[in-house]
Structure formats: C-alpha cells, structure tokens
Amino acid sequence: GHVEEQMSGQGRGRGIAAWVIFTIAAILLPIALTAFWAQRTLTDTERYVATVAPLSEDPTIQQAVGTLVTDKAVAQLDVSNRLDNILPPALHPLAPILAGGVTTLITRGVDAFLTSPDFHQLWVSINKTIQRSLIAALSGNPTGPVTIQGDQVILDTGDALTAVKQKLVDKGIPFAADIPIPAKADREVVLLTSPQLQTARTAYAIGQPVAQWLIYLVLALFILALVLVRNKPRMILGLGIAALISAVLLKAGLAFGESTLTDTLAGTPLAVGQQAFYSIMTSFLVDGTRALFLLGLILVGIGWFLGNTSTGRKARALAGKVGDSAGDALSESPVAAAGTWVKQHRGALYVGLLALMGILLVFFIDPVTPARVGILAIFAILVAVAIEILSRSAKETTALPAPVDTEPTSDVNA
C-alpha cells in the first residue's frame, strides 16, 4: 500500500520533470540551431571566407560589383566635363559619344578583371578584412573599415576601392590610374542602423559565449527527458513534433531574413547579387532545417510504431510475424548461435545503436543534409531489423527436469 503509493508518486514526479525538461529543450532548439549556424558561418573567419569565396565566380555577384565599380569610376572621372574642357567648342557635340566610348572601355576592362583569378584573390582578401572588422565592431572594439558612428555601423569602402583601382591599373585598364578615390562621405556604406545595431550587438554578446555548446545542451536535455519518462513512445513522438515545429519556424525565419535583405538592398547596385549571397550564406542552415524536418518525420513514425494506438499495435504485430518467419528460417543455420547472444543483449544493442547514431549525427556528419540523415536512418532501420531477426532465430532451450532421488532417505537417528 504505502510503498506502492510512494513508487507511483515518484513515477509521476519523474514524468512531470521529463516533460518540463522536454519543453525547455523544444523552446531552445530553433535558437540553438540558429546560434550554431551563426557561430559556424558568420563569426568564424576561416569558415566565413570559405563560404563566400565561391561567390567571386557567381555572375550576379560579378555584375553587382562591376556595376558598382564602373559607376563609381565614371562618376569620379567626370569624363563629360573633362572632354568639354579639352575639346574645342566645335567638337563639344561629340563629347557624349566620346564619353560613352570611355565608359565602354572601362566597363570591358572591369568585366575582364572580374572574371580573372586576381578578382577571386581580392574578393577573399576584402571579405576577410570586412568580416574581422565587423566582429570587432560588434564586440565593442571597432577597427578596420567597419566602424560605429552614433547608431549606425558604417563600412568604409576606401580600402576596397583602392585595391580595385590598383588591380585595374595592373591590368592596363585605360584611365584607371586617373580614377580618384571618392571622399570619405561618398564611399561609406551603412550596414546596420538602430535598432538593428542594438539587436546585433545583443545577439552577438549573448550568442558568442553559448553558440558553441547550446546545441549540445539541447540534445542532452532531450536525452535526459527520454531517460526519465516512462512512456518513451510518447516522448519520441513529442521529439518528432518538436523537430517539425522547429523546422517550420526556421523556414519562416529564413524567408523573413531574405525579404528584409531584399528590401534593404532594393534600388542599389548590390540588389542583383543579394539572392546569390543570401543563398550561399544560409546554405548550411537551409540544409539543417530540411534535415531536421526529415528527422522529425522519422521520429514521429517511430513514436507511432512503438505507441499504444491500434494502428501502431497492428503494425508491430505484422512486423513481429515477419520477424518470426525470418527467424524460424534461420533457426537451423549457424546464425542461430549468434542469435542466442543477440537475444541476451538485445537491449544493450539498441542502446549502442542509438548512441552510435547520435555520435555520427552530431560529431561526424558535416554538413547535416537530408540525404545524409536519410542514409543514417536507413542504416539504423536495417541494423534494427537484423537485431530482431537474429534474436528470433535463437533456439528455445527447454530446461530438463531435475533428477528424482529414488534412494530411500536414511534415518539419522537410526
């Protein structure tokens, strides 16, 4: 009575604790994945550069950079006014035609430079400098081309324009040496404004220390919840639903981010390349979101299969019949000997399989993609099927009856 009530109370307490832990982990899951992506892609200089390096060969990026550089060069050269000062009055009507020819020469020269290996090297160098400078600015120690002025994060493109100008001069582009670098006010670009600046600073201050381990904390909380709860099929079903909801939230966040970037760059020369830039910068998070959705579907399926619904019980019964048939077919083969061991250690084998899947998924699969998650799931299902068939192939050993002592019992007092 009292002991049973105490054990029942402990069971309810463990169940409540498990679902509280699960709820906390489910809330943190999309935040943890976003923080992990940001730390991996944005704040790690080498990974960031490796991510954006291929963009130097993207036609839309080349077009955006080419338009920006050509427009700046033509504006700074002020070809029309220079021709008006050089040409006699009688030839002034030819000035627009000659100016157009100069613009064409500059455009061709810039386009040739953008498709050369020199542009790739310059692109990598500039992006590395800007990334480091932006991180320094967000951490409160602005250095380099990125600075904070009032409530704005400002990018000074002077160094980048100087580097481009020198590359154009080295390529023998006409008039490149005469292109003046714009005044500071004309070459500055606003990257973030308040409240975007405060949001970015807060996110960086909070996210940087926890971004590396938050995802592992969330996984540990999910595992702890699964260990504590008694109704494990229901918890597995909950894990799947949490993964599906998180994937939907991340997808919505990605769409919102792309829309915001589109609005920010609308009407600028960089607008044409924003889709390519956003796609490659978020590719890791997009793949992770899709993989999370697939994982959620798999977990929902496992929870349903192991659960107490009528369809789940029927599915298990059917799978059991198939497993029994396959096991009986192997019962007279040499495999049956291994089947006895598998049956004795069936629970430990499943724990080991789950641990192996978790280790592979967290530490060795990079990047996490739907295809890799699918392959991992198929491998796990095949191993589980093998465990079930082998355990059912074990021969049932019938215990022999204890021998009967037929001799008369002697009387010790005799």
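Contact is taken here to mean heavy atoms within 4.5 Å. In this predicted model, residues 24 or more positions apart account for 76% of the contacts with a separation of 6 or more. The protein comprises 17 helices and three strands. Of its 414 residues, 32% count as buried.

The strands β1 and β2 form a hairpin with two residues between them. Strand β1 spans residues 146–149 and pairs with β2 in the antiparallel sense, over four bridges. Within this pairing, Gln149 stands opposite Gln152 of β2. In the same hairpin, Gly150 adopts a positive phi near 65 degrees. Strand β2, which covers residues 152–156, is mostly covered, with four of its five residues buried.

The analysis of internal space identified one cavity of 30 Å³ or more. The largest cavity holds about 120 Å³ of space. Its lining consists of Val69, Lys72, Ala73, Gln76, Leu161, Val164, Lys165, Leu168, Ile179, Pro180, Ile181 and Pro182. Two helices, α3 (59–77) and α7 (158–170), each supply at least two residues of this lining. By residue class, the lining of the largest cavity divides into nine nonpolar, one polar and two charged residues. Among the lining residues are Lys72 and Lys165, and lysine is counted as charged. Gln76 also belongs to the lining, as do the prolines Pro180 and Pro182.

Helix α15, formed by residues 335–344, was examined for the distribution of burial around its axis. Ala336, Gly339 and Val342 of this helix are buried. Viewed down the axis of α15, these buried residues fall within an arc of 105 degrees, and they therefore line one face of the helix. An α-helix has 3.6 residues a turn, so residues three or four places apart point the same way. On the other side of α15, Ala337 and Gln344 are exposed. The partners of the buried residues of α15 are three helices: α14 (310–330), α16 (346–364) and α17 (370–393), against which these residues pack.

Burial is thus described for two elements of the model. In strand β2, four of five residues are buried, whereas α15 carries the buried residues Ala336, Gly339 and Val342 and, on its other side, the exposed residues Ala337 and Gln344.

Methods. Residues numbered from 1 in each chain as written. Predicted model: local features only at pLDDT ≥ 70, side-chain atom pairs only at ≥ 80, totals over all residues. Heavy atoms only, no water. Buried < 20%, exposed > 50% of the residue type's maximum accessible area, 1.4 Å probe, protein only. Arc of directions from axis to C-beta. 1 Å grid on protein atoms, 1.4 Å probe; cavity = no way out; pocket = protein on both sides within 12 Å on 5 of 7 lines; lining within 4 Å. Points joined across faces, edges and corners; volume = space filled by probe spheres on them. Pairing = 2+ DSSP bridges.
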